[in-house]
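Hi everyone, thanks for coming along. Let me put the structure up and then walk you through a few parts of it.

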Amino acid sequence: MSTPDTDTLQAIDAYLNDNEARFLDELFEFLRIPSVSTDPENAADVRRCAEWLIEHLQGIGLSTVELHETPGHPIVYAEHLGKEGAPTLLVYGHYDVQPPDPLELWTTPPFEPQVREGKIFARGATDDKGQVFCHIKGLEAWLQTVGELPINVKLLIEGEEEVGSVNLDHWIAAHKERLSCDAVVISDSSMFAPGIPSITYGLRGLAYLEMTVEGPDHDLHSGLFGGAIPNPINEIAGIIARLHDDKGQVAIPGFYDDVIALSDEERADFAALPFDEAGFLEESGAAALRGESGYTTLERIWARPTLDCNGIWGGFTGVGAKTVLPAKAHAKFSCRLVPGQDPERVAEQAEAFVREIAHPSVRVTVTPHHGGKPVLTERDAPAVQAATRALSRVWGKEAVFTRGGGSIPVVATFSDILKAPTVLMGLGLEDDRLHSPDEKFNLENFYAGVRASAYLWDESQS
């Protein structure tokens, strides 16, 4: 498979340099559209944003650009094929954004983008308009200089990511054959730290449950009944206390059975990262770190499963005192899962354990809510290595491998339906304030992201 000659790569670099100002102006146009997917009052704006993307993708020279209707907001799909025998990459992103509230906490209006101190401030600047726009401009550089791409590329840009991608899984399944690819590229995450290009190769999954403990059939007087009738709040607190042992491990039988352990190489790589543990603690506002014994902080948040109570309520919580023995108590808890674990199995294990340890004087109901599968991409996969080389070329230093403590459900969808690995090529930073007032995207990262995208197409063919 041929590699572009030096003149071609120089022409692409020159195009990127010459058009930086225009790229920024066009990104500002994109950011000005208030495509807030959760608010019905913005439905017309969300559609207008999709139509803006359609026109823009056609303008840069992609051969096929389509708007696909869903029961909710539309999906933008595009492709540029024709390189027989070359790899096919599918770029995923989203054009919808979070609500901008509270407006009074923005330094400048959220949909009037501005550059201040080398940073682009606007809602959607990094999540995800700015990052997906880097790939659009990286494609443009090839199409407008060479007239073609060195590989086959498909784009899927949805308008419902911020409301749970409720129609995406069905759409992907219905278009499975058309979306077939060698790998999926997503830039909707962060670099490890400023100036340190990163590839995220693992994400934790999720099992979310709600528990209700019932005692008497109505609230009782604690003086007349207390000590003889079970108190659901006391009982639920006892159940929660027994979900962990004294080493910080989850006490549910079988919870760790399917966990894929970290390799020695991975632990060494994590340890070599310039992680500021003191800064991490300060950012959290906690007095000290605490977690599973035998693991570092990065290992705990990236590659070990957890169980956390997210909320607990019941009985009297008003002003003053009411000596009540409540009829019910409730709690919500979530398990962050790592590769090897299955959300449904973990939910079943958790329910069985809770029922086992609950006192027979109370009735327990455990209700599973949403979940998501963990994902692990092989670090030596061709697309991962291509992205690593592209990032390293731009930043002038070796890209590092990281995992993510959170979940991106669509990654598991691509793995399950398309059987394709995902390359998480984050271009933002942890302090970009996504979902918060004054969301930003460093101007340096925007331009570097465009160049990394252009280089990715080159590196992917080798």
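Let me begin in a loop: Asp128 sits between strand E5 (119–121) and helix H4 (129–145). Helices here are DSSP runs of H or I with at least four residues, strands are runs of E with at least two, and both are numbered from the N terminus. The peptide bond from Asp127 to Asp128 is cis, with omega near 0 degrees. Another cis bond, with omega near -5 degrees, leads from Asp101 to Pro102, and Pro102 lies in the loop between strand E3 (88–94) and strand E4 (114–116).

A word on what you are looking at: this is a predicted model, where local features need pLDDT of at least 70 and side-chain atom pairs count only at pLDDT 80 or more, while totals for chains, interfaces and linings use all residues. Residues are numbered from 1 along each chain as its sequence is written, and side-chain values use heavy atoms, leaving out hydrogens and water.

Staying with backbone geometry, please find the loop between strand E17 (422–424) and strand E18 (440–442), where His435 is placed. His435 has phi near 75 degrees, a positive value in a residue other than glycine. Asp438, in the loop between E17 and E18 as well, has a positive phi of about 60 degrees. Why point these out? Most residues other than glycine have a negative phi, and most peptide bonds are trans. Are these two buried or exposed? His435 is partly exposed, at 41% relative accessible area, whereas Asp438 is buried, at 12%. Buried means under 20%, exposed over 50%, and partly exposed in between, with a 1.4 Å probe and protein chains only.

Now to the sheet. Four strands form an open sheet in the order E11-E13-E9-E14, with antiparallel pairing; two strands pair if DSSP finds at least two bridges between them. Strand E11 (306–314) and strand E14 (363–372) are at the edges with a single partner strand each, so one side of each has no neighbour in the sheet. Ten bridges join strand E9 (residues 205–214) to strand E13 (residues 328–337), and Thr212 stands opposite His330 in E13. Helix H11 (residues 343–357) packs on this sheet and touches E9, E13 and E14, contact meaning heavy atoms within 4.5 Å.

Next, strand E8 (residues 198–203), home of Thr200. Six of the six residues of E8 are buried. Thr200 has a relative accessible area of 8%, and its side chain makes a polar contact of 3.2 Å with that of Thr402. E8 runs parallel to strand E16 (residues 400–404), joined by five bridges, and Leu203 has Gly404 as its bridge partner in E16. On to strand E15 (residues 375–376): two bridges join it to E8, and the two run antiparallel.

Finally, the inside. The largest nonpolar core has 81 residues, and Leu155 and Phe446 have the most contacts inside it. Helix H14 (residues 443–460) gives the most to this core, with ten residues. Phe446 touches Phe23, Leu24 and Leu27, among others, and these three are also among the H2 residues that meet H14. Thanks, and I'm happy to take questions!

Notes: Axes are lines fitted to C-alpha atoms, for helices over the stretch in contact, and angles run from 0 to 180 degrees between N-to-C directions. A nonpolar core is a set of buried Ala, Val, Leu, Ile, Met, Phe, Trp, Tyr and Cys residues joined through side-chain atoms within 4.5 Å. A polar contact is a pair of N or O atoms within 3.5 Å; within protein, one must be able to donate a hydrogen and the other to accept it, and residues adjacent in sequence count only if both atoms are side-chain atoms. Lists of a residue's contacts leave out its neighbours within four places in sequence.
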